[in-house]
Every structure is written in structure tokens, then in C-alpha cells.
2 protein chains.
Amino acid sequence: MQKKTKIALSYTVLLLLISTLLGCSGDKTPISESTATDSAQEPLFPRGEKGPASNFTGNAYNTALLPNDSTYHTLVGNVYFEKGARSNWHVHPAGQILIVIDGEGYHQMEGEPRQLMKKGDVVKCPPNVKHWHGASEKGSLTQMYILPNTEKGIVTWLEPVTDEQYTSMNN
Amino acid sequence: MQKKTKIALSYTVLLLLISTLLGCSGDKTPISESTATDSAQEPLFPRGEKGPASNFTGNAYNTALLPNDSTYHTLVGNVYFEKGARSNWHVHPAGQILIVIDGEGYHQMEGEPRQLMKKGDVVKCPPNVKHWHGASEKGSLTQMYILPNTEKGIVTWLEPVTDEQYTSMNN
């Protein structure tokens, strides 16, 4: 083999190496796609204010969406529960409607098994029924709540949900 | 150059070619990332049933989330408005709360300018105020609605929003 052929082959190897590096690193960072994904994954509501440890186990954050007033007699908000976080047991005199915005979690009415709830689910918690709700053990839960007919009252907070109650499928 | 060296170089070129093809095609289809993106972009609620042409201009689809009953006296649903679609003018005897889930659109109360509303916004439409809402001219709108105190009535449908009214910023 002549020296010229040897140099040509070396260049081929070098060019292939460069194209490998450029080509692959380009595919690893598709900037426009990343941006689109980030935008779609932006939370619907701000994270909100941390709920007090007296009413929640773990970290739960509340965003008020509609404050209670004498026109609508309705209170609307959103709670972001971190993995494993949940409300205490509590009672709403006029009931509560939950709408799961993202993730999955549980709700339980006293005397019934806990129920899985996930993105898009709508859950009715009847008036004066002792219940709790929160994230699953696996991930966070974003959950809107609607409290109707607030002239009848809003909430009575009760004792925490123990780890045994939280992890039991039938308590 | 000896024959052995020549063969070794050819193999190097071949291996680099294969690694380029394998490496890059692998990066172009990151299966787990695509799945995550698809999941995040899944609509929160199903598209629902097409609203009647007698109450809507363009295509609007309604999903009932909480049917009206005598326990909660509340009706909750979601409307997906295609680009340019909007409700007729209408009145709710007990008012209405709108929560924008995705996209952007407008709402307008009679005698006031139309207002832009976008993802995460909460809008109060007071009782007995004639109003309309719908998508923008640029894209679709996904919008939850809450009708409280339904014992006072649900809705009275009125005339369509004309193109002039829809496009005017101050009518």
C-alpha cells in the first residue's frame, strides 16, 4: 500500500469518528423536543402553601382557587401531595368532590377499603362521612377539591391516618 | 503497508460504520422517554360529546364529571372547544366558575370587553349575568366548569355570539 492510500484511509477513520460524535450527541439533545416536553409537563396550578403538620402527614401543598363567599357558597382548591403524604381523617358537613389532575393516590371512607384514584378520576365524598385522601406510596398526587354548600360548614379535622391504616388495603 | 494492516484498517472503518448506525438510531428512538412524553400529553378528560349547534358556534365537546343531584346541588364538567369555537350567550341563575385546563380562550360578560383566559386561570361568572366563553382564534381551549347551587337553576341559552362580537376586543 502506498503512503497516499494510507493517509486517505486515516482521514476516512477520522471523518467517521467526528460524524459519530457529532451525529450521536446531536440526537441526544433534541432541544426543541425537550422544550415541548417541559411545557406540556408544566404544572396546571402553582405548588401552593405547605399544609400544617397538625392536619397532614408528610408534605402537602394547598393552592386556593376559589375562596368561599356568599355568592357561590363554594370553595375550590388544589392540593399537591408528595409521595406517601396524606390528610388526617376529616369530615365535610356538605361533602366534597375530588378531581385527580395528575399522579395517583388513595381516598378512604371510614369502614370501607381504601380506593385507588388516578388522573381524570372524580370522587364523591358524601356529607358528614369521615374520610382521608392522599398520594400513593409510589408517587405524588395532584388533586383538586370542590366544597359545595359551604353555608353548612367547611371541614372538621380529626386524628392522623396511621401508617398501618395508610398501608392496609382493607381497614 | 502490508496486507494484514490493510485488513485491520478496513475492519476499523466497518466497525465505526456499524457503531455510527447503531449508536445514532438508538438515540433517535428513546422508547422510555417517548412513552413518558405521550403519557404527559394525554388529555386529562375524554373529549366528550359534541355540543348541539343550537348552543355552540363551531365544534365544542362536553364531558360530564359530576351530574347534578340533591346531595351536592353542583354540576361539574369539562368542555373542549376547537379553535374558534364558542358557546352562545347564556345565563346561569346561580353563576358559574370556569377553570382553564389547557390552551387559551376568551370569556365575556355583556357590556364588558372580552377577557383572555389561559391554562390555570379561574374565572367567576356571577349569577344572572349574560356571558359567553370559548377558544381563541389561534388554538383550542380545555375548560372545566362548576355550576353551584343548582337548586336555583342551571342555564338559559340565548343567541349565538356573532363573528363581529367574537373578534371585537371591546364590544
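**Exercise 1. Take A:Lys130 in this predicted model: decide whether A:Lys130 is buried or exposed, then find its salt-bridge partner.**

Step 1. Start with the number: A:Lys130 has a relative accessibility of 19%. The cut-off for buried is under 20%, so A:Lys130 counts as buried.

Step 2. Now look for the partner. Side chains of opposite charge can pair when their charged atoms come close. Here the side chain of A:Lys130 meets that of A:Glu110 in a salt bridge, with 3.4 Å from N to O.

Step 3. Check where the two sit. A:Glu110 is in the loop between β7 (96-109) and β8 (115-118) of chain A, while A:Lys130 is in the loop between β9 (122-125) and β10 (131-135). They're 20 residues apart, so this pair links distant parts of the chain.

**Exercise 2. Hop over to chain B and work out which parts of the chain the salt bridge between B:Glu110 and B:Lys130 ties together.**

Step 1. Get the distance: the closest N and O atoms of B:Glu110 and B:Lys130 are 3.4 Å apart.

Step 2. Place the residues. B:Glu110 lies in the loop between β7 (96-109) and β8 (115-118), and B:Lys130 in the loop between β9 (122-125) and β10 (131-135), so the bridge ties together parts that are 20 residues apart in sequence.

Step 3. Add the accessibility: B:Lys130 comes out at 18%, so it counts as buried.

**Exercise 3. Sort B:Glu137 and B:Arg114 by how accessible they are.**

Step 1. The side chains of these two, B:Glu137 and B:Arg114, form a salt bridge at 3.4 Å, N to O. The pair is 23 residues apart, with B:Glu137 in the loop between β10 and β11 (141-147) and B:Arg114 in the loop between β7 and β8 of chain B.

Step 2. B:Glu137 has 32% relative accessibility, so call it partly exposed.

Step 3. B:Arg114 has just 7%, so B:Arg114 goes in the buried group.

**Exercise 4. Which side chain makes a polar contact with the side chain of A:Gln96?**

Step 1. Find A:Gln96 in strand β7 of chain A. With a relative accessible area of 3%, A:Gln96 is buried.

Step 2. Go through its contacts beyond four places in sequence; among them are A:His90, A:His133, A:Tyr145 and, from the other chain letter, B:Tyr72.

Step 3. Pick out the polar one: the side chain of A:His133, at 3.1 Å.

Notes:
Residues are numbered from 1 along each chain as its sequence is written. Chains are lettered from A and ligands numbered from 1 in the order in which they are written. This is a predicted model: local features need pLDDT of at least 70, side-chain atom pairs count only at pLDDT 80 or more; totals for chains, interfaces and linings use all residues. Side-chain values use heavy atoms; hydrogens and water are left out. A salt bridge is a side-chain nitrogen of Lys or Arg within 4 Å of a carboxyl oxygen of Asp or Glu. Helices (H or I, at least four residues) and strands (E, at least two) are DSSP runs, numbered from the N terminus. Buried means under 20% relative accessible area, exposed over 50%, partly exposed in between (1.4 Å probe, protein chains only). A polar contact is a pair of N or O atoms within 3.5 Å; within protein, one must be able to donate a hydrogen and the other to accept it, and residues adjacent in sequence count only if both atoms are side-chain atoms. Contact means heavy atoms within 4.5 Å.
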